[in-house]
Amino acid sequence: MPTGYAYQRRFLEKKYRNSTTTAHQLWDTSSLLSSTYEPGTEITDHFVVVSKTPSAIVVRCGDSPLKTGVRDSDGLFEMGVEIKKDEGVAEFRLKSVFYKGLGKADAAPMPSHVEFAHRLYTKLWMETAVGNVVL
């Protein structure tokens, strides 16, 4: 996560990292690499782990994890892997869903330029995660 997510992490850190409300969250490369990402883990005041299995992790995004209720804009990312031992490969996957949590959706959940930015950094995030896998 540190390499591909570094730009987004630095941007969020400048805006949201502080010693009172977000000190418990994962911010630094070392904590991002060493975390076991148990449910409830908060990441850079933008993500919170909502579920974890041996083959996948789901994080909520769209706003600060400090806002636990329904949000105007919300989203989920699932990053997973399927190990195919007989083929000698691991198949990685990334799913993302964005939705309007409040009111009636009359347009896309985010402007097209924000959607484009999300597509780019989620790909970088996944590529970095895959690069950190050691077999």
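Let me start with Y37, which counts as buried at 12% relative accessibility, in what is, please keep in mind, a predicted model. Y37 is found in the loop between helix 2, residues 29-34, and strand 1, residues 42-43, and its phi is near 55°, a positive value in a residue other than glycine. That is worth a pause, because most residues other than glycine have a negative phi. A second residue of this kind is D45, whose phi is near 50°, again positive in a residue other than glycine. D45 lies in the loop between strand 1 and strand 2, and with a relative accessible area of 7% this residue is buried.

Y37 also brings us to the nonpolar core. The largest nonpolar core has 17 residues, and those with the most contacts inside it are Y37, I43, F47, V59 and W125. Which elements each supply at least two residues of this core? They are helix 1 (2-16), strand 2, strand 3 (56-61), strand 4 and helix 3 (112-131). As general background, in soluble globular proteins nonpolar side chains tend to be buried together.

Now let us turn to the sheet. What is the order of the strands in this open sheet of five strands? The order is 1-2-3-4-5, with antiparallel pairing. Strand 1 and strand 5 stand at the edges and have a single partner strand each, so one side of each is left without a neighbour in the sheet.

If we walk across the sheet, strand 2 and strand 3 pair in the antiparallel sense over five bridges, and a hairpin joins the two strands through two residues. Within that pairing, V48 has R60 in strand 3 as its bridge partner. Strand 3 and strand 4 are also antiparallel, and they pair over six bridges, with G75 in strand 4 as the bridge partner of C61. Strand 4 and strand 5, which run antiparallel as well, are joined by 12 bridges, and here G75 stands opposite F98 in strand 5.

Strand 3 deserves a closer look, since I would like you to ask of each residue there: is it buried or exposed? Six of its six residues are buried, and the strand is mostly covered. A56, V58 and R60 point one way from strand 3, while I57, V59 and C61 point the other way, and all are buried. The general pattern behind this is that in a regular strand the side chains alternate between the two faces of the sheet.

Next come the aromatic rings, where the count comes to two aromatic pairs. Why is the pair of F47 and F77 called tilted? The ring centres are 6.1 Å apart and the planes stand at 50°, so the pair is tilted, since tilted is the word for planes that are neither under 30 degrees nor over 60 degrees apart. F47 lies in strand 2 (residues 47-53) and F77 in strand 4 (residues 73-84), so the pair ties together parts that are 30 residues apart in sequence. The other pair, F77 with F98, is edge-to-face, at 5.7 Å centre to centre and 90° between the planes. This pair too links distant parts of the chain, with F77 in strand 4 and F98 in strand 5 (residues 89-100), 21 residues apart. F77 counts as buried at 0% relative accessibility, whereas F98 is partly exposed, with a relative accessible area of 21%. Taken together, F47, F77 and F98 form one aromatic cluster.

Let us finish on charged side chains, and on one nonpolar patch. How many salt bridges does a search of the whole structure find? The search finds 10. One of them joins the side chains of E38 and K52 at 2.8 Å, N to O, and links the loop between helix 2 and strand 1 to strand 2, across 14 residues. Another is formed by D72 and K100, whose closest N and O atoms are 2.6 Å apart; D72 sits in the loop between strand 3 and strand 4, and K100 in strand 5, 28 residues apart. D72 counts as partly exposed at 44% relative accessibility, and K100 likewise at 33%. There is also a network of salt bridges that links E13, R17 and D28.

The nonpolar patch lies on the surface, where V50, L76, V97 and Y99 make up about 300 Å². V97, for example, has its place in strand 5 and is partly exposed, with a relative accessible area of 47%.

Definitions and conventions:
Residues numbered from 1 in each chain as written. Predicted model: local features only at pLDDT ≥ 70, side-chain atom pairs only at ≥ 80, totals over all residues. Heavy atoms only, no water. Phe/Tyr/Trp six-rings, centres within 6.5 Å; stacked < 30°, edge-to-face > 60°. Helix = DSSP H or I, 4+ residues; strand = E, 2+ residues; numbered from the N terminus. Buried < 20%, exposed > 50% of the residue type's maximum accessible area, 1.4 Å probe, protein only. Core = buried A, V, L, I, M, F, W, Y, C linked by side-chain atoms within 4.5 Å. Patch = residues over 30% accessible without salt bridge, like charges linked within 9 Å, V, L, I, M, F, W, Y side chains within 5 Å. Areas by Shrake-Rupley, 256 points an atom, 1.4 Å probe, with all protein chains shown as cover. Salt bridge = Lys/Arg side-chain N within 4 Å of Asp/Glu carboxyl O. Pairing = 2+ DSSP bridges.
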